[in-house]
Amino acid sequence: MTTVLPDAVLSPYAAGLLRVVTVPEAAADDPGARRVVDASQLSDRELGVLLAAAFRLLPVDPAHWVKLGITAACQQRQPVFTPASCADLLSALVDESAQPWGYGQPVLAVNALLRCEGPLPVEAARSAKKLVRALGDRYRLDHPYAMMALAGLGGGMTALIESKLFTRSLHSIARDEASVVSALGPVAHALLAEASGERSYFSPPRLPDMWQRLADLPEYASFAHRALGAAHRRVSDIQSGRIAYKADAAFERDEVGTLGRAVRVALLRDEPWLVGLLQPLLLGVAVAPTAARTAPSQALLHEVARAVEDFPTPEALAALRAARAVARHKGVQKQLDRELQRIQRALGDRPEVAFRLPDLGFGLDGARTLTVGGYDAVITLSPAVDLTWRRSGGRALATVPAAVRRDHADAVKELRDLVKQARGQLVTVARSLELGFTAGATLPFRRWHDELRANGLGWSVARRLIWEVPDASGRWRAVLPTDGGFADLGGTPVPEPGPDAELRLWHPLNTAAEEIRGWRDELTARELRQPFKQAFREDYLLTPAELETETYSNRFAAHIVHYRQLYALMRGRGWTCSRLGPWDGGDTDDAYRVLPGGAWRVGLRHDYRDQQPDGVECASTDRVWFDRRVGGAWRTAQLSDVPAIVLSEAMRDVDLFVSVTSIAADPHWIDRGDDLYVDYWREASLAELTATAQTRRSALQRIIPRTKLADRCELTERYLVVRGQLSTYKIHLGSANILMEPGNRYLCIVPARHGAHEPVFLPFEDDRLALILSKAFLLADDARITDPSIVAQLRTAGRPAV
């Protein structure tokens, strides 16, 4: 039986495919002209109709190619099922289960149930019952929740199947979850199957609103509270010795999955009870009750971290930081560090909770003073979090007083923990704000005032950023916060907006060049270091070449990079990528980053090249492209359709990858002798400046005149030219490589050995900028250089011209 939608509902292309699938003569008449299914011409509802029909085809059917095309499309898209097409699919899966190769696909049946637009007809319940009977207990271990959903849909079989599948396999917390969901019916069981990760080869991507639908069930929300309470009691018993300790055995695998779902639901609902429960639970599972470097449950600790990454809150992030502080296992610490970085980025997608900051006792001046053993411990927040000591009301001390260290060790540890907590909170706020650029985030003034302006931590970040407030006509106006409100670039006071007016961060992409220069001058003059690049932020506009290629960019292609550095940097910036290497399938990978807001993602193709004799691995970069999320699936977009700020922020990441990891920035690469790589090194190390290097040049224009180098330096298009006593030097503003005049001879200076000779204000954090300044100070006084490796280069003919 196949129910066909009316012709008026199906497009001509979909109707033609359906005819090929359902009418044998149509497939026989097709000479092969349509052997590739163009899924872009099919709606999600048409995919559901065609999938149901295609599953009736035998592998030897002439139209089997349609099934392959439709199932491939469904793996990438979110098919929608009418009650009729959903019933048809279940019926087709029953027929398939009777075939020698048939598996019945219980998970696919449940996927369709969750994506069905209306109540199912009686035929669907009959098919579900037949499917459960046909499968027996073949899926007892792999897909138990899907089987329970089908049993519930079939009617009268739930208790029997639950007893058969779960009586001996589930442990107490997971058994409680199964019992709760059983009482809620087949749709709840289907949600649980999807949330637990039960998948088949033909499954579509997870439903975007899956967790919200589960969280909307009051019974499941109550269960989440009960489950996490039970977990906390068990951990408390382990820590107190009432339950014998065994490493990584506090919770069974099914319980870990259940508790992960409970945490996600509680976080999504922003349950107030979670704050007091999560931190003691995490502290209990992160460290053994003995002196061992083990933990009661690494599995639960990292599952909770993944849950917090899905639905982050500042309180949950703080709880994980506390667990990281007590964990003794080095592997746990390293993995938590990576997870904490991802959670900080993910907070940018939840502005409604990201700025709920704890009150750590800092005043609006960004300082907190505590007296310990007759001395004052002073913690300051800006520009970095520092702990200093001084005699009460007197002079500053270089180190912790010996008497305090001896007699008040616990207080010193608490202060250092407070410093770590403050640093973490500042990073969270800054990253959340920065990630809001691509999401187009705005903030009501009431929240801005109450959560940032009125909190010492929040104010230390917010006051160093440029904001935009609406004026009387509704146009955005750039301002800096002041103690009494706001002021524009000229210093004119700007009235505070109404409590419901929206604020947003200023971005240079949509600003005139003159205003950008003005803000850069102003911040440099004030020596106001921003928590992230804003006034000096790079922007990337679409180029004519990218308009020609349409769907991809070669702007950063064909660079040779240190692969291990690239891999670490991509992962650290929130990109997902596979490890490449000299093995089958290890030569090419597409790295992706889903941008805040979730509507866009950027892709970067890169290729493994080789491993050098000294173990250095090299890769090369390739094209960049953008995908848009449509109906829960990703589809490649025209570059011209990508919002300008999304394109700019994503390209900024790729520029960073190339700038930091390119072998052009390696001062030793010229000694390796590989002609191909040396040719690239020579060209790229002195190439035209990228956007990142151009902002570095802009910063140097403002920094150099404020130093003693002012009369010995000159900025050209690509170089900072430094006049020493022995020679003239050109420092490339991209790679920081140095050429000596006359003859453009290469001068190698190892970065780690030299720092700036005087304190220099930097308007943003940039290791390459600091390196260029350090080299400039050194070379301006070249007659006093004593490093033998540098002196030898200065006094001989030097290296060949580059």
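**Briefing: salt bridges, aromatic pairs and one sheet**

Both Glu303 and Arg264 are buried. These two residues form a salt bridge, with their closest N and O atoms 2.8 Å apart. The model is predicted. A search of the whole structure finds 42 salt bridges, and the count of aromatic pairs comes to 16. An open sheet of five strands is also described below.

**Salt bridges**

- Side chains of opposite charge can pair when their charged atoms come close.
- Glu303 belongs to helix 16 (residues 298-310) and Arg264 to helix 14 (residues 253-269), so their salt bridge ties together parts that are 39 residues apart in sequence.
- Helix 16 also supplies Glu309, whose partner Arg342 sits in helix 18 (residues 330-346). The side chains of Arg342 and Glu309 meet in a salt bridge at 3.2 Å, N to O. This pair ties together parts that are 33 residues apart in sequence.
- Arg342 is partly exposed, at 25% relative accessible area. Glu309 is partly exposed too, at 26% relative accessibility.
- Salt bridges that share partners join six residues into one network: Glu434, Lys533, Arg537, Glu538, Glu649 and Arg652.
- Arg45 forms a salt bridge with Glu117, and the closest N and O atoms are 2.5 Å apart. Arg45 lies in helix 3 (residues 44-54), while Glu117 lies in the loop between helix 6 (106-114) and helix 7 (122-135), so the pair ties together parts that are 72 residues apart in sequence.
- Arg45 counts as partly exposed, at 35% relative accessibility. Glu117 is partly exposed, with a relative accessible area of 45%.

**Aromatic pairs**

- There are 16 aromatic pairs by count. In one of them, Trp448 and Trp459 meet edge-to-face, 6.4 Å centre to centre with 85° between the planes.
- Trp448 is in helix 22 (residues 445-453) and Trp459 in helix 23 (residues 456-462), so this pair ties together parts that are eleven residues apart in sequence.
- Trp448 counts as buried at 2% relative accessibility. Trp459 counts as buried at 2% as well.
- Trp681 and Tyr746 form another edge-to-face pair, 5.1 Å centre to centre and with 85° between the planes. This pair links distant parts of the chain, 65 residues apart: Trp681 is in helix 28 (residues 675-684) and Tyr746 in strand 20 (residues 745-747).
- Trp681 is buried at 0% relative accessibility, and Tyr746 is buried at 2%.
- Ring pairs link Phe445, Trp448, Trp459, Trp467 and Phe486 into a cluster.

**Arginines over rings**

- Arg601 lies over the face of Tyr592, 3.9 Å from the ring centre.
- Arg623 lies over the face of Tyr552, at 3.7 Å from the ring centre.

**The five-stranded sheet**

- Five strands form an open sheet with antiparallel pairing, in the order 16-17-18-19-20.
- Strand 16 (713-715) and strand 20 stand at the edges, each with a single partner strand, so one side of each is left without a neighbour in the sheet.
- Neighbouring strands of this sheet are turned by 30° against each other on average, direction ignored.
- Strand 17 (residues 719-723) pairs with strand 18 (residues 728-732) in the antiparallel sense over five bridges. Arg723 stands opposite Thr728 in strand 18.
- Helix 31 (residues 788-795) lies across strand 18, strand 19 (738-741) and strand 20. Helix 31 runs at about 170° to strand 20.

Conventions. Residues numbered from 1 in each chain as written. Predicted model: local features only at pLDDT ≥ 70, side-chain atom pairs only at ≥ 80, totals over all residues. Heavy atoms only, no water. Phe/Tyr/Trp six-rings, centres within 6.5 Å; stacked < 30°, edge-to-face > 60°. Helix = DSSP H or I, 4+ residues; strand = E, 2+ residues; numbered from the N terminus. Buried < 20%, exposed > 50% of the residue type's maximum accessible area, 1.4 Å probe, protein only. Lys NZ or Arg CZ within 6 Å of the ring centre and 35° of its normal. Pairing = 2+ DSSP bridges. Axes fitted to C-alpha atoms, helices over the stretch in contact; angles between N-to-C directions. Contact = heavy atoms within 4.5 Å. Salt bridge = Lys/Arg side-chain N within 4 Å of Asp/Glu carboxyl O.
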